[in-house]
Amino acid sequence: ATGGAPQQEQPQPGGRLVRWITADPTGADPTIQSVSSVSDRWIGHSYERLLGFKTGKDLGWAEMILQPELAESWTVSPDAKTFTFKLKQGVKWHNLPPVNGREFTSADVKFSYEYVTRTGEFKDKGLRPSAFAWWFENMEAVETPDKYTAVVKFKEPFVPFITYSAVQKNVMYAREVYDKAGDFMSLDTVIGTGPFIFDPAGSQRGTRWQMK
């Protein structure tokens, strides 16, 4: 045998990851307070946010460094009232009905943020209160000057919003799902832009939940 540290194997794509969970997911809509933490695993694998946080072995456990996710870049106005996100082009929703793999655009950002805050078109629909509307305190408007630009405006300076835009549960939703189902609670309607898709054929309540 030769001396020295053992060589690390290179990671290989594919394979299977099995995780133990303690209960069935209770729903897939992060804005509903009763949705369990078990459900977060589906939310985190299927849905995405405008920004995310860097991860890796070289980061301290308390470091929160923003990085692009659905937005490729962002700017904050000097008065911290206006947050402008430039979106990645060519991002597609899961190729599942009723969304069918269409492109993600700034209209989806406006729809999602108004849904989370129950403002705009959702103001008078009598929906259950959002658990996370406080992430958007004093939000004035979400503007879409073009297909790949979303501008979030606040009445007062709101510095924390840039961090809130990267929180795991602050995700993007597809309008078509809401129009068909009336909410985002069912795991069957978890249609996002993330890498994993819920597999109902391989899942069984009380036994296993599978994604592919």
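## Asp108, the nonpolar core and the main pocket

Leaving aside neighbours within four places in sequence, Asp108 is in contact with Trp93, Arg102, Glu103, Met172 and Tyr173. The model is predicted. Asp108 sits in helix α2. Its relative accessible area is 3%, under the 20% cut-off, so Asp108 counts as buried. A polar atom of the Asp108 side chain lies 2.9 Å from the backbone nitrogen of Thr105.

### Core

Helix α2 also matters for the next topic, the largest nonpolar core: α2 gives this core five residues, the largest share. The core has 50 residues in total. Leu50, Phe85, Phe104, Tyr113 and Phe161 touch the most other members. At least two core residues come from each of α1 (40-46), β4 (82-87), α2 (106-117), β5 (139-146), β6 (149-154), α3 (161-164) and α4 (175-181). In soluble globular proteins, nonpolar side chains tend to be buried together.

What does Phe104 touch, not counting residues up to four places away in sequence? The list is Leu50, Leu70, Leu87, Val91, Trp93, Val109, Met172 and Thr193. Trp93 and Met172 are also among the contacts of Asp108.

### Backbone geometry

Most residues other than glycine have a negative phi, and most peptide bonds are trans. Two residues here, neither of them glycine, have a positive phi.

| Residue | Phi | Loop | Relative accessibility |
|---|---|---|---|
| Ala80 | about 55° | between β3 (71-76) and β4 | 8% |
| Arg118 | near 55° | between α2 and β5 | 12% |

Are Ala80 and Arg118 buried or exposed? Buried means under 20% relative accessible area. Ala80 is at 8%, so Ala80 is buried. Arg118 is at 12%, so Arg118 is buried as well.

The peptide bond between Pro97 and Pro98 is cis, with omega about 5°. Pro98 is in the loop between β4 and α2.

### Pocket

Turn now to the largest pocket. Its volume is about 690 Å³. How many residues line the largest pocket, and which lie nearest its centre? The lining has 21 residues, and Leu17, Val18, Arg19, Trp209 and Gln210 lie nearest the centre. By class, nine lining residues are nonpolar, seven are polar and five are charged.

How values were computed: Residues numbered from 1 in each chain as written. Predicted model: local features only at pLDDT ≥ 70, side-chain atom pairs only at ≥ 80, totals over all residues. Heavy atoms only, no water. Core = buried A, V, L, I, M, F, W, Y, C linked by side-chain atoms within 4.5 Å. Buried < 20%, exposed > 50% of the residue type's maximum accessible area, 1.4 Å probe, protein only. Helix = DSSP H or I, 4+ residues; strand = E, 2+ residues; numbered from the N terminus. Contact = heavy atoms within 4.5 Å. 1 Å grid on protein atoms, 1.4 Å probe; cavity = no way out; pocket = protein on both sides within 12 Å on 5 of 7 lines; lining within 4 Å. Points joined across faces, edges and corners; volume = space filled by probe spheres on them. Nonpolar A, V, L, I, M, F, W, Y, C, P; charged D, E, K, R; others polar. Polar contact = N/O pair within 3.5 Å; in protein donor to acceptor, adjacent residues only side chain to side chain.
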